[in-house]
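Reader: I'm new to reading protein models and I'd like to zoom in on a single part. Could you pick one sheet and walk me through it, then show me how it sits in the rest of the chain?

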Amino acid sequence: MTDDYLSRIGKLIRDARQHRGWTQSQLAEALGTSQSAVNRIERGNQNISLEMIARIGEALDSEIVSLGYAGPMHLRVVGGRRLSGAIDVKTSKNACVALLCATLLNAGRTTLRRVARIEEVYRILEVLGSIGVRTRWINDGADLEIVPPAELDLEAMDTEAARRTRSVIMFLGPLLHRMDRFRIPYAGGCDLGTRTVQPHMTALRHFGLEVTATDGMYHSHVDRSVAPTRAIVLTERGDTVTENALLAAARHDGVTVIRNASSNYMVQDLCFFLEELGVKVEGVGTTTLTVHGVAHIDRDVDYSPSEDPVEAMSLLAAAVITESELTIRRVPVEFLEIELAVLEEMGLDHERGHEYPADNGRTRLVDLTVRPSKLQAPIDKIHPMPFPGVNIDNVPFFAAIAAVAQGSTLIHDWVYDNRAIYLTELNRLGAHVKLLDPHRVLVEGPTRWRSAEMMCPPALRPAVVVLLAMMAAPGTSVLRNVYVINRGYEDLAERLNSIGAQIETFRDI
C-alpha cells in the first residue's frame, strides 16, 4: 500500500476507535497486539493486511474499508428555529485535561467521573497511552480510569497527538519530579497567534527546571539542588501557568507559595483534586496559593470534575441569539456571575433556581432559565479580566449576543493576538462586525441573519459562535471542517438537536 492509503486507513481506524470510546491500549488488547503497533497503524506508519483491517473493523464494530474515506467532518444547519426544553451542562474541558496531566503525580489508580468525551481529552489520552499509562473508559463510557506504570517511556511519546494540544505543556510540572532529563513536543491547539510559554519556564525554574527549545521539542533538564526559597510570583496570571506551578509544587517536599495565581474554575478543580491526593492547598479561589507538597503520592482516588462555565455560556448564547426560552441545568454560577450581570444590564430576562453543590462537593451550581429578551448594547466595552472578571473564553459569545442587541458594542479581546479577527466571520451571516485592530471589534445590532456556507474558524470559541449564528439564520447553512469544535465540545450538534436545533453531521464522499 502507498503511504497515502496507509494514512487514510489509519485515520479511519482512529476515528472509529474514538467513536467507540476506546483508547489505543484497549484496541491493542482486543487485537492481541501492542499499543505502539496500534499507534503506528493509526499514523499510517505500518503496513496492514486486509485480514488485520477486518479484525479491527470487527473489534470496533465499524466498517473500516468502504467507498471513499473519512475526510473532514462538516455541519449542515437549518436555521431560524426556536429552542425549547432543558439541557445539562457537561463537565469542564479545561479541568479534565488538567486533571489528566495531574494523574502523572500519582502512583496509584485515579478514577475521574463524567469526563468530557472530546478531541482534546482524546489527544491527551493518546499521549498518556503512548508513554505507558493505562487508561480505560468504565461504567458504559461515563468515567475514566487511569493507572500509571512504574516507569514512563517518554521516548515512545505520540508526538503527533501531543502537537495537537496546548495541554501537553502541563506535563512539565509532573515530569520534573520523575526524571532528570526529558523532552516533550511544542504545544499546539487553537490558532490564536503567538502565546509565549515563558511564564511557565519562569515559574518552573524555581524547581530546578531548565528548558531549551530546539527542533520542535522542549528539552528539559532538572537540577535537584534547586528548590523554592521564596514565594513564586507568576509573571502572568494564566490558568495553565498556575496549574503547572501547582503540579510542580504538589510533589515538592515543602511549602510553596504561588502569588498572582489564577483563581479560575479549572485551577480550583485542580486544587480540589490535589487535596484528594493528600496535598494541602490553602487560598483556593484567591490569587495566593500555599501548597504543602508531598514527596511521594500513591493513592487510589475518585474525583468528579465540575461543570464547564464556558459551555454554559455557549448554551446561554444559543438561547439569546435564537430568541428562545431555554433552561440550562447545572450551571457553575460563581464563574458566570459577571457575565450574567452584564447581560442583565443589557436587558436579559432570566431566572435562577436555588444553588446546590456539584459532585465535587465544592462548586456552586444553579439551573438557569433564559427567555426571549429585547437587548440593548452595553454602555461599557466588553473585555476579559482574570477571574472573577468576564472569562476570556466567554468574550466571543458576546459578539453574537451584541449582534442581536440594539446599538453599538465594543469588544476588546486583548489577550490573544488574532482571535478578534475571526469574529468578523459573522459578517458572512448578516452581522455588522467592524475590525478596529487585531484585538478590537465594533458590533452593530440588531442583525437580520442570513444563511451561508463557510469554513470553520481555526479557533474553538469563534467557531462555536459562528455555529450559533447559523442556528439563528433562516435557511440552510454549512460549516465545514469542524474538528476544532469537537476539540472542546462533546456531541454538541446532537445535544443542540435535542432542544430543537436542526444540525446534520456529514462528510464529503
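Author: Here is a close look at one open sheet, followed by a few other spots in the chain. Keep in mind that this is a predicted model.

Let's start with the whole thing. The chain has 18 helices and 23 strands. Its radius of gyration is 23 Å, close to the 23 Å that the globule rule gives for 509 residues, so the chain is as compact as a globular protein of that length. Along the principal axes, the C-alpha atoms fill a box of roughly 60 × 60 × 40 Å. Of the 509 residues, 58% are buried.

Now for the sheet. Which strands build it, and in what order? Four strands line up as β21-β22-β1-β23 in an open sheet, and their pairing is mixed. Strands of a sheet pair through backbone hydrogen bonds, either parallel or antiparallel. The edges are β21 (453-455) and β23 (503-507), each of which pairs on one side only. From one strand to the next, the twist averages 20°.

Zoom in on the β21 edge. β21 runs parallel to β22 (residues 475-480), and three bridges join the two. Follow β21 to M454 and you'll find it standing opposite L479 in β22. Side chains connect these strands too: E453 forms a salt bridge with R480, and their closest N and O atoms are 2.8 Å apart. With E453 in β21 and R480 in β22, this pair links distant parts of the chain, 27 residues apart. Are these two buried or exposed? E453 is partly exposed, with a relative accessible area of 45%. R480 has 22% relative accessibility, and since buried means under 20%, R480 counts as partly exposed as well.

For a contrast, hop over to strand β5 (residues 143-147). Five of its five residues are buried, so β5 is largely enclosed by the rest of the structure. Both faces are covered, with D143, E145 and V147 on one side and L144 and I146 on the other. β5 has antiparallel company: three bridges join it to β3 (residues 110-112), and five join it to β4 (residues 134-138). On the β3 side, T111 stands opposite E145. On the β4 side, I138 stands opposite D143. The hairpin of β4 and β5 has four residues between the strands, and N139 takes a positive phi near 55° there.

Back to salt bridges, since E453 and R480 aren't alone: the count comes to 34. One of them pairs R364 with E334 at 3.9 Å, N to O. R364 sits in β17 (residues 364-371) and E334 in the loop between β14 (326-332) and α13 (337-346), so to speak two distant parts of the chain, 30 residues apart. R364 is partly exposed at 28% relative accessible area, whereas E334, at 17%, counts as buried. Another salt bridge joins R419 and D393 at 3.5 Å, N to O. R419 lies in helix α15 and D393 in the loop between β17 and α14 (395-403), so the pair ties together parts that are 26 residues apart in sequence. Both of these residues are buried.

Last stop, the surface. M385, W414 and V415 make a nonpolar patch of about 280 Å² there. W414 is in the loop between β18 (407-412) and α15 (419-422), and its relative accessible area of 41% makes W414 partly exposed.

Terms used:
Residues numbered from 1 in each chain as written. Predicted model: local features only at pLDDT ≥ 70, side-chain atom pairs only at ≥ 80, totals over all residues. Heavy atoms only, no water. Patch = residues over 30% accessible without salt bridge, like charges linked within 9 Å, V, L, I, M, F, W, Y side chains within 5 Å. Areas by Shrake-Rupley, 256 points an atom, 1.4 Å probe, with all protein chains shown as cover. Salt bridge = Lys/Arg side-chain N within 4 Å of Asp/Glu carboxyl O. Buried < 20%, exposed > 50% of the residue type's maximum accessible area, 1.4 Å probe, protein only. Pairing = 2+ DSSP bridges. Axes fitted to C-alpha atoms, helices over the stretch in contact; angles between N-to-C directions. Rg over C-alpha atoms; globule rule 2.2 N^0.38 Å.
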